[in-house]
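Please walk through this structure with me, one part at a time. Keep the sequence and the 3D view side by side as you read.

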Amino acid sequence: VSADRGSTESSGPVHSWTLELLCFFSQYTDKEEVVLWMNTVGPYHNRQETYKYFSLPFCVGTKKTISHYHETLGEALQGVELEFSGLDIKFKEEVMQTTYCEIDLDKAKRDAFVYAIKNHYWYQMYIDDLPIWGIVGEADENGEDHYLWTYKKLEIGFNGNRIVDVNLTSEGKVKLVPNTRIAMSYSVKWKKSDVKFEDRFDKYLDPSFFQHRIHWFSIFNSFMMVIFLVGLVSMILMRTLRKDYARYSKEEEMDDMDRDLGDEYGWKQVHGDVFRPSSHPMIFSSLIGSGCQIFSVSLIVIIVAMIEDLYTERGSMLSTAIFVYAATSPVNGYFGGSLYAKQGGRRWIKQMFIGAFLIPAMVCGTAFFINFIAIYYHASRAIPFGTMVAVCCICFFVILPLNLVGTILGRNLSGQPNFPCRVNAVPRPIPEKKWFMEPAVIVCLGGILPFGSIFIEMYFIFTSFWAYKIYYVYGFMMLVLVILCIVTVCVTIVCTYFLLNAEDYRWQWTSFLSAASTAVYVYMYSFYYYFFKTKMYGLFQTSFYFGYMAVFSTALGIMCGAVGYMGTSAFVRKIYTNVKID
């Protein structure tokens with residue numbers, strides 16, 4: 001969109017599973033009505049702060065009103081508020097410049113328009129699901145006089161009997177003077193286009209941004225870091241563990257007197273405590289279960305987004321994520337329930353409830369808080385009551401029962417504590433160690449490398465969500481997810497090895513939190529992004545940004561923590577299986 005003239009073009013393949021249906025409904029006959037929907041209006045720098053188009057004193061065309069219902073849950077949650085423009089547009093029928101209504105500009109209406117122009121308000125419209133953007137008006141160089149764009153010049157491209165391209169040019173600059181009448185006009189020009197229907201969203205994408213050399217270099221850099229880290233971890237652990245096994249085998253051959261006089265140290269000494277249940281096992285199990293579910297959701301949604309182009313339909317990404325999250329609830333129950341059973345937990349129903357509602361409560365709590373601000377602002381992002389009820393129904397009637405199924409399966413199939421070592425009745429005292437071997441220090445340092453492997457991708461993801469870019473390079477995101485998991489597991493294994501070698505057996509929470517500390521660095525980066533990469537302002541947009549960035553960072557931290565713990569758990573079980581224990 002240029003500063004004074006909205007210019008929008010169409011693009012991108014549609015979902016293959018809805019392509020035939022969409023093509024059927026998007027076919028027009030000559031002179032059939034084409035609906036122009038007015039969506040929202042809001043400040044250019046605050047993407048999420050949007051209001052109904054007619055909250056500004058625009059006038060409506062003369063054509064009879066058509067009501068619009070939210071088609072999907074994602075559309076309702078994202079504040080899509082389609083209202084009929086009242087403009088008479090027919091397929092392949094050109095319209096010369098025509099006045100469709102007039103605005104009686106009193107002082108209140110003028111003030112509303114002036115405020116919108118000062119804050120760089122833009123508006124969004126839809127024709128046949130293709131978005132169009134335009135600017136409300138502009139001020140002169142001194143900022144004293146303000147002008148409204150009154151003429152919408154639409155140019156619509158068609159291929160056969162389908163609309164494949166839309167352009168809007170804003171013209172007719174009129175000075176805002178109180179107690180005058182402003183005529184609003186439009187024209188429609190139809191042109192033949194060679195763009196295929198399934199490729200009509202391609203022009204909205206920005207390959208020069210997302211496929212920039214920096215993006216490729218960052219992936220290559222992270223990949224090389226993974227190879228280096230995996231090689232380093234493997235070499236250190238294999239050499240060190242070989243020495244440990246040799247030392248412990250030698251000790252086996254000593255008699256009791258020599259063994260008592262020998263210099264015993266290292267991870268073997270805590271074999272009687274290493275599989276001791278973690279502190280607060282109920283919360284710990286719920287976090288691990290939730291993290292496994294978030295990982296499953298991330299993996300499935302990225303794969304779906306790679307196969308289908310979710311960006312071509314309003315709210316489809318959010319709807320897909322909600323559906324997949326609900327469907328993968330048994331994963332949460334299985335891993336959380338089995339871990340809680342292994343740790344000797346008895347109140348498994350309480351653990352199941354905590355696991356099922358941990359993430360939904362966090363997301364809904366944040367949304368509820370932001371919703372109050374949205375209602376105060378009269379923003380379109382205010383979530384309707386019916387949508388809240390629908391989300392609650394999903395939580396209670398889909399997520400909870402599926403979580404119960406997963407918990408029962410987890411407890412029965414893999415809930416037995418088949419540890420390779422017995423757990424001593426009395427906990428072993430933890431000896432003093434150097435300050436950098438303390439769990440708190442390990443936790444703080446553990447998230448640096450995982451964050452380093454993803455922070456370039458964070459910039460692209462943030463820009464697509466908080467600015468006006470459509471994220472479509474999900475292959476990059478899949479690579480980054482794989483790299484993140486490998487780096488996280490390597491780091492937590494090394495941290496845990498050093499901790500056990502210092503004869504500190506509190507590895508469960510340490511492995512989880514050292515990986516989860518990635519979230520702290522991501523949230524700190526979000527502050528940098530807000531102050532140096534955006535021009536956001538105002539209570540609503542700031543609350544929305546930092547509220548949902550906190551949710552995103554926490555969910556990422558729980559996922560990394562669960563991945564780190566699962567990898568470390570396999571490592572700990574492996575090394576204690578291979579060593580002889582009296």
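**A walk through the model**

Begin with Thr407, which sits in helix H11, a helix that covers residues 385–414. Is Thr407 buried or exposed? Thr407 counts as buried, because its relative accessibility is 0% and the cut-off for buried is under 20%. The side chain of Thr407 has a polar partner in the backbone: the oxygen of Asn403, at 2.8 Å. Keep in mind that this is a predicted model.

Now turn to helix H14. It spans residues 474–501. How many residues of H14 are buried? The count is 20 of its 28 residues, so H14 is mostly covered by the definition of buried used here. From the first C-alpha of H14 to its last, the helix reaches 40 Å. That is close to the 40 Å expected at 1.5 Å a residue. Just after H14 comes Glu503, with a positive phi of about 60°.

Glu503 leads on to two further residues with positive phi. Take Lys92 to start. Lys92 is not a glycine, yet its phi is positive, at about 65°. Where is Lys92 found? Look in the loop between strand E3 (83–84) and strand E4 (95–105). Lys92 counts as partly exposed because its relative accessible area is 35%, and partly exposed lies between the 20% and 50% cut-offs.

Asn179 is the next stop. Its phi is near 60°, again a positive value in a residue other than glycine. Asn179 has its place in the loop between strand E9 (162–175) and strand E10 (180–192). Its relative accessibility is 68%. Asn179 therefore counts as exposed, since exposed means over 50%.

Next, the strands. Strand E1 covers residues 36–43. E1 is mostly covered, with 8 of its 8 residues buried. Which strand is joined to E1 by 6 bridges? The partner is strand E5, residues 121–127, and the two run antiparallel. One bridge pair to find is Pro43 with Tyr121 in E5.

E1 also pairs with E3, in the antiparallel sense, over 2 bridges. Here Met38 stands opposite Glu83 of E3. Strand E2, residues 51–52, is likewise paired with E1 in the antiparallel sense over 2 bridges. In that pairing, Val41 stands opposite Tyr51 of E2. A general point helps when viewing strands: in a regular strand, side chains alternate between the two faces of the sheet.

Move on to strand E8, residues 146–159, which holds Thr150. Thr150 is buried because its relative accessible area is 6%, and the cut-off is under 20%. How far apart are Thr150 and Val174 in space? The C-alpha to C-alpha distance is 7.0 Å, although 24 residues separate Thr150 and Val174 in sequence.

Finish on the surface. Which residues form a nonpolar patch there? They are Phe220, Phe223, Met224 and Ile227. Together these four residues have about 400 Å² of accessible area. Ile227 lies in helix H5, which covers residues 213–253. Ile227 is partly exposed, because its relative accessible area is 44%. A residue needs over 30% to join a patch, so Ile227 passes that cut-off.

How values were computed:
Residues are numbered from 1 along each chain as its sequence is written. This is a predicted model: local features need pLDDT of at least 70, side-chain atom pairs count only at pLDDT 80 or more; totals for chains, interfaces and linings use all residues. Side-chain values use heavy atoms; hydrogens and water are left out. Patches are made of residues with over 30% relative accessible area and no salt bridge: like charges are joined within 9 Å, nonpolar side chains (Val, Leu, Ile, Met, Phe, Trp, Tyr) within 5 Å. Accessible areas come from the Shrake-Rupley method with a 1.4 Å probe; for residues, only the protein chains shown count as cover. A salt bridge is a side-chain nitrogen of Lys or Arg within 4 Å of a carboxyl oxygen of Asp or Glu. Helices (H or I, at least four residues) and strands (E, at least two) are DSSP runs, numbered from the N terminus. Buried means under 20% relative accessible area, exposed over 50%, partly exposed in between (1.4 Å probe, protein chains only). The expected span of a helix is 1.5 Å times one less than its number of residues. Two strands pair if DSSP finds at least two bridges between them. A polar contact is a pair of N or O atoms within 3.5 Å; within protein, one must be able to donate a hydrogen and the other to accept it, and residues adjacent in sequence count only if both atoms are side-chain atoms.
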